[in-house]
Amino acid sequence: MRIFSILAAIALTVILAMSILARPQLSAFFGSSEAATPPADALPASETVQTADADAPPRKLVKVMVRKVQGRQVDSAVILRGETEAARQVDVRSETSAIVTSAPLRKGTQVAAGDAMCVLDAGTRGAALDEARARLSEAQSRVPEAEARVEEARARLQEAEINQNAAARLGEGGFASQTRVAGADAATAAAKAGVSSATSGLSAARSGIEAATAEVAKAEKEIDRLVISAPFSGLLESDTAELGSLLQPGALCATIIQLDPIKLVGFVPETEVNHVTLGAQAAARLAAGGREVVGKVTFLSRSADPQTRTFRTEIDVPNADQSIRDGQTVEITIAAEGVKAHLIPQSALTLNDEGNLGVRLVDGDAVVAFAPVDIMRDTSKGVWVTGLPDTADVIVLGQEYVTAGVTVDPTWEEVSQ
């Protein structure tokens with residue numbers, strides 16, 4: 001059995017050797033068509049290349065749709081989301097303690113500056129004012145008496161000085177005793193003290209007048225506080241204090257707001273703050289009803305919000321009919337300096353391998369290039385972008401199937417249309 005295995009292995013080896021080394025002879029013997037075709041390595045090199053080129057399929061270019069866009073000067077704008085805010089809003093509060101004696105005004109009432117909103121009970125304040133005025137009259141009557149005492153003291157001082165001079169001269173000549181001279185000196189000193197006392201009495205009388213005047217002013221001010229008036233014209237946002245209620249100092253009488261003009265408040269990101277200037281024209285669209293209003297920028301904050309890094313901006317808008325309410329949502333558009341931009345379909349935007357937003361262009365040789373852009377404004381007809389040359393051939397269809405440096409077969413949108 002082992003001999004047969006050896007013989008079978010030798011026969012298989014011979015057959016494999018003949019199939020490799022004498023393949024042409026075997027092919028001719030068995031009538032194969034391969035014998036008529038010489039091996040590839042027997043052909044000249046030039047013939048081999050020509051045969052390969054003839055068999056290769058022709059290369060096909062990717063077809064794309066291209067639109068020629070022209071840059072135009074476009075008014076730039078800063079778009080914000082904000083809300084309306086009353087020009088003024090004040091909680092009017094009591095400055096004294098008293099009972100309300102006036103009927104309440106209901107919320108929504110239009111009031112003018114100076115109109116009484118809450119009237120309080122006077123109580124004993126009138127009597128306190130009369131007492132203060134009486135004390136003022138009394139203090140004023142003491143002034144003439146004090147002035148007379150000053151004149152009297154000055155006269156006595158003059159008399160004492162004359163006697164002192166006479167006593168001194170007589171004492172020098174030996175005609176007056178030392179006791180008389182000393183008495184004259186003492187009388188002079190007493191007269192001077194009397195003048196000082198009378199002057200102090202006059203000052204006290206005048207101080208009494210000032211104190212009494214202050215008491216009168218205090219009593220009058222306390223009476224003035226009994227009528228709580230509107231600080232400016234506006235609408236009552238709450239009912240005034242109810243009749244009979246007790247108001248303590250600091251208690252709320254009513255809340256009043258002023259809606260004409262009304263403020264539109266938004267927050268500008270730091271990347272756009274340089275495009276906003278005071279006095280710039282602004283338009284806004286109210287979320288409720290879509291009403292459009294116009295105004296001017298009146299305030300732009302110089303310091304950023306520490307949390308959002310945005311800058312508060314305010315726009316004054318006329319609101320004579322007070323139809324715009326406080327706290328409504330608005331979309332604000334602030335006019336800025338114009339820039340050159342191109343209007344392209346939003347679908348033409350794409351990303352390159354680095355993740356940059358842009359569009360793909362074609363040049364005169366139909367080679368694709370990538371151009372980064374910045375979106376300036378979104379409209380119903382497309383998006384306005386900046387960063388392109390004045391005239392650009394933008395791929396609007398098929399841009400996702402090509403990359404920069406690839407040659408394409410462009411079809412111009414103007415021709416197809």
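# Exercises on a predicted strand-rich chain

Of the 417 residues in the protein chain, 31% count as buried. Keep in mind that this is a predicted model. The chain has six helices and 22 strands.

**Exercise 1. Find out how far the model's confidence goes, and where it drops**.

Start with the whole chain: its mean pLDDT is 83, and 87% of the residues reach 70 or more. Next, look for a weak stretch. Over residues 32-54, pLDDT stays under 50. Now check what that stretch touches: the model has nine contacts for it beyond four places in sequence.

**Exercise 2. Work out what share of the contacts joins residues at least 24 apart, and what the exposed surface is made of**.

Take the contacts between residues at least 6 apart in sequence. Of these, 75% join residues at least 24 apart. Then turn to the outside. The chain exposes about 26000 Å², and carbon and sulfur atoms supply 54% of that area.

**Exercise 3. Decide whether Cys118 and Cys253 form a disulfide, and say what the pair ties together**.

First, get the distance: the two sulfur atoms are 2.0 Å apart. A disulfide needs cysteine sulfur atoms within 2.5 Å, so Cys118 and Cys253 pass. The count for this rule comes to one disulfide.

Second, place the two ends. Cys118 sits in strand β6 (residues 116-119) and Cys253 in strand β10 (residues 252-269), so the link ties together parts that are 135 residues apart in sequence.

Third, add the details. The angle about the S-S bond is 95°, and the link is right-handed. Are its two cysteines buried or exposed? Both Cys118 and Cys253 are buried.

**Exercise 4. Describe the two faces of strand β11 and name its partner strands**.

Begin with the faces. In a regular strand, side chains alternate between the two faces of the sheet. In β11 (residues 281-286), Ala282, Ala284 and Leu286 make up the covered face, while Gln281, Ala283 and Arg285 make up the uncovered one.

Now for the partners. β11 pairs with β12 (residues 292-300) in the antiparallel sense, over five bridges. Within that pairing, Ala283 has Val294 as its bridge partner. The hairpin of β11 and β12 has five residues between the strands, and Gly289 takes a positive phi near 90° there.

β11 is also joined to β14 (residues 329-335) by five bridges, again antiparallel. Here Arg285 has Glu331 as its bridge partner.

**Exercise 5. Lay out the open sheet of four strands and find its edges**.

Write down the order: β2-β15-β20-β19, with antiparallel pairing. The edges are β2 (72-74) and β19 (374-379), since each of them pairs on one side only. How are neighbouring strands of this sheet turned against each other? On average by 45°, direction ignored.

Zoom in on one edge: five bridges join β19 to β20 (residues 382-386), and the two run antiparallel. Asp374 has Thr386 in β20 as its bridge partner.

**Exercise 6. Trace the hairpin of β17 and β18**.

Start with the pairing: β17 (residues 357-362) and β18 (residues 368-372) are antiparallel, over five bridges. Pick one of the bridges, and you find Leu361 matched with Ala369 in β18. Finish at the turn. Five residues lie between the two strands, and Ala366 in the turn has a positive phi of about 65°.

Note on methods:
Residues numbered from 1 in each chain as written. Predicted model: local features only at pLDDT ≥ 70, side-chain atom pairs only at ≥ 80, totals over all residues. Heavy atoms only, no water. Buried < 20%, exposed > 50% of the residue type's maximum accessible area, 1.4 Å probe, protein only. Contact = heavy atoms within 4.5 Å. Areas by Shrake-Rupley, 256 points an atom, 1.4 Å probe, with all protein chains shown as cover. Pairing = 2+ DSSP bridges. pLDDT = per-residue confidence, 0-100. Axes fitted to C-alpha atoms, helices over the stretch in contact; angles between N-to-C directions.
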